[in-house]
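The following exercises are to be worked with the sequence and the structure at hand. Each task is followed by a solution in steps.

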Amino acid sequence: MGVPAETTAKSKAFFFTAQVLAAAAAVLVLVWCIHLRGGLAFQSAGDKSLIFNVHPVLMLIGFIIMGSEALPWSKQVNKCIHLILHGLALVLGAVGISAAFKFHNELGISNLYSLHSWLGLGTISLYGIQWILGFVTFLFPGASGSLKATFLPWHAVFGVFVYLLGIVSAELGFLEKLTFLETFGTVNRFSGEAFLVNCTALAVLLLGVSVVLSLIASHLESTKVYSAD
Ligand code: HEM
Ligand code: HEM
């Protein structure tokens, strides 16, 4: 995917860093869930953990990474790319969450008992609200010019907030799953797998930082608010 036309030099550097981190995180989560945890399946009569594995893969690649790709494409000419990629992230995120519920329900495990699940559900709900408000304000039916101008900074701030909340939810998810695996003795604390999962979570954290720095850099460079004199 190319760089949006309006981005400036520093913003581009953060944007490319984000692309590299996104690719690394995607490869790592696939290696973990497919190669080390046995694969992905929406239906499984035997090994139910294959249903769970769909959750981290879709939440990371479908929700977080797709959302990261959507953010820089917001300017007027790219508005539809921004809208479609965020819409796709929302749908894939919802499917990813349904895989976690399915896994719990088929094994008779209770739902929504963890901080991760509360923040996760909060994130996807706020993301849905953000998308609907963005759609009705900026596209259809579209608000008046002055209302659009008033709403725009709130849309941007709330958008960054909800994106970062997604990053925090994913971090808690990796921590929780790895802790389960280590507690039940499935994975050794000093194993290559534990190292891989921690590196994936680190890549996701740095991805979030790079995406937000890229947005901030493009604003600082285009407004030039500060002066060295
Ligand atoms: C932004 C991304 C994510 C969101 C929005 C999210 C959301 C959720 C939700 C709503 C549940 C509750 C399902 C239920 O109660 O049946 C859940 C469960 C779970 N998720 Fe995630 N998740 C995300 C990423 C991840 C990642 C990357 C992992 C890493 C493996 C993960 C691991 C888990 C685990 C272990 C559970 C089952 C235990 C629990 O309910 O806390 N999640 N997730
Ligand atoms: C969950 C979904 C969404 C999120 C997280 C989100 C987030 C953001 C963020 C962070 C910005 C500021 C970008 C920057 O500073 O460069 C932005 C700008 C914008 N977004 Fe969204 N957005 C979402 C959905 C939508 C939708 C559905 C529309 C409808 C068309 C939309 C239209 C816009 C527009 C017009 C801008 C301003 C572009 C400009 O500065 O000229 N957004 N969005």
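## Exercise 1: The shell around ligand 1

Task: Characterise the residues that surround ligand 1 by class, by proximity and by helix of origin.

Solution. The model is a predicted one.

Step 1. Sorting the shell around ligand 1 by class gives 13 nonpolar, eleven polar and two charged residues.

Step 2. Of the 26 residues around this ligand, those that come nearest are Asn 111, Ser 114, Ser 117, Gly 120 and Gly 173.

Step 3. At least two residues of the shell are supplied by each of helix 2 (49-70), helix 3 (79-107), helix 4 (115-138) and helix 5 (145-183). Helix 5 provides the largest share, seven residues.

## Exercise 2: The shell around ligand 2

Task: Carry out the corresponding analysis for ligand 2 and state which helix gives the most to its shell.

Solution.

Step 1. Ligand 2 has 24 residues around it, of which Ser 74, His 86, Gly 134, Ala 156 and Gly 159 come nearest.

Step 2. By class, the shell around ligand 2 consists of 13 nonpolar, nine polar and two charged residues.

Step 3. Helix 3, helix 4, helix 5 and helix 6 (192-223) each contribute at least two residues to the shell around ligand 2. The most comes from helix 5, with seven residues.

## Exercise 3: The packing of helix 2 and helix 5

Task: Determine how helix 2 and helix 5 are oriented to one another, and which residues make their contact.

Solution. Two packed helices are described by the angle between their axes and the distance between the axes.

Step 1. The axes of helix 2 and helix 5 come within 11 Å, and their crossing angle is roughly 160 degrees.

Step 2. An angle over 145 degrees counts as roughly antiparallel, and helix 2 is therefore roughly antiparallel to helix 5.

Step 3. The crossing of helix 2 with helix 5 is left-handed.

Step 4. Helix 2 enters the contact through Pro 56, Met 59, Leu 60, Phe 63, Ile 64 and Gly 67, and helix 5 through Tyr 163, Gly 166, Ile 167, Ala 170 and Gly 173. These residues divide into eight nonpolar, three polar and no charged.

## Exercise 4: Annotated spans and the model

Task: Compare the annotated transmembrane regions with the secondary structure of residues 115-140 and 195-217.

Solution.

Step 1. The unreviewed UniProt entry annotates "transmembrane region" at residues 12-38, 50-71, 83-103, 115-140, 152-175 and 195-217.

Step 2. Residues 115-140 are 92% helix and 0% strand, with end C-alpha atoms 36 Å apart.

Step 3. Residues 195-217 are 100% helix and 0% strand, and their end C-alpha atoms lie 32 Å apart.

Conventions. Residues are numbered from 1 along each chain as its sequence is written. Chains are lettered from A and ligands numbered from 1 in the order in which they are written. This is a predicted model: local features need pLDDT of at least 70, side-chain atom pairs count only at pLDDT 80 or more; totals for chains, interfaces and linings use all residues. UniProt positions are given in the numbering used here, feature names are shortened, and annotations may be inferred rather than shown by experiment. Helices (H or I, at least four residues) and strands (E, at least two) are DSSP runs, numbered from the N terminus. A residue is near a molecule or strand if its C-beta atom, placed from the backbone, lies within 6 Å of it. Ala, Val, Leu, Ile, Met, Phe, Trp, Tyr, Cys and Pro count as nonpolar, Asp, Glu, Lys and Arg as charged, and the others, Gly among them, as polar. Axes are lines fitted to C-alpha atoms, for helices over the stretch in contact, and angles run from 0 to 180 degrees between N-to-C directions. Angles under 35 degrees count as roughly parallel, over 145 as roughly antiparallel, 65 to 115 as roughly perpendicular and the rest as oblique. A crossing is left-handed if the near helix is turned anticlockwise from the far one by less than a right angle, and right-handed if clockwise. Two residues are in contact if their C-beta atoms, placed from the backbone, lie within 7 Å.
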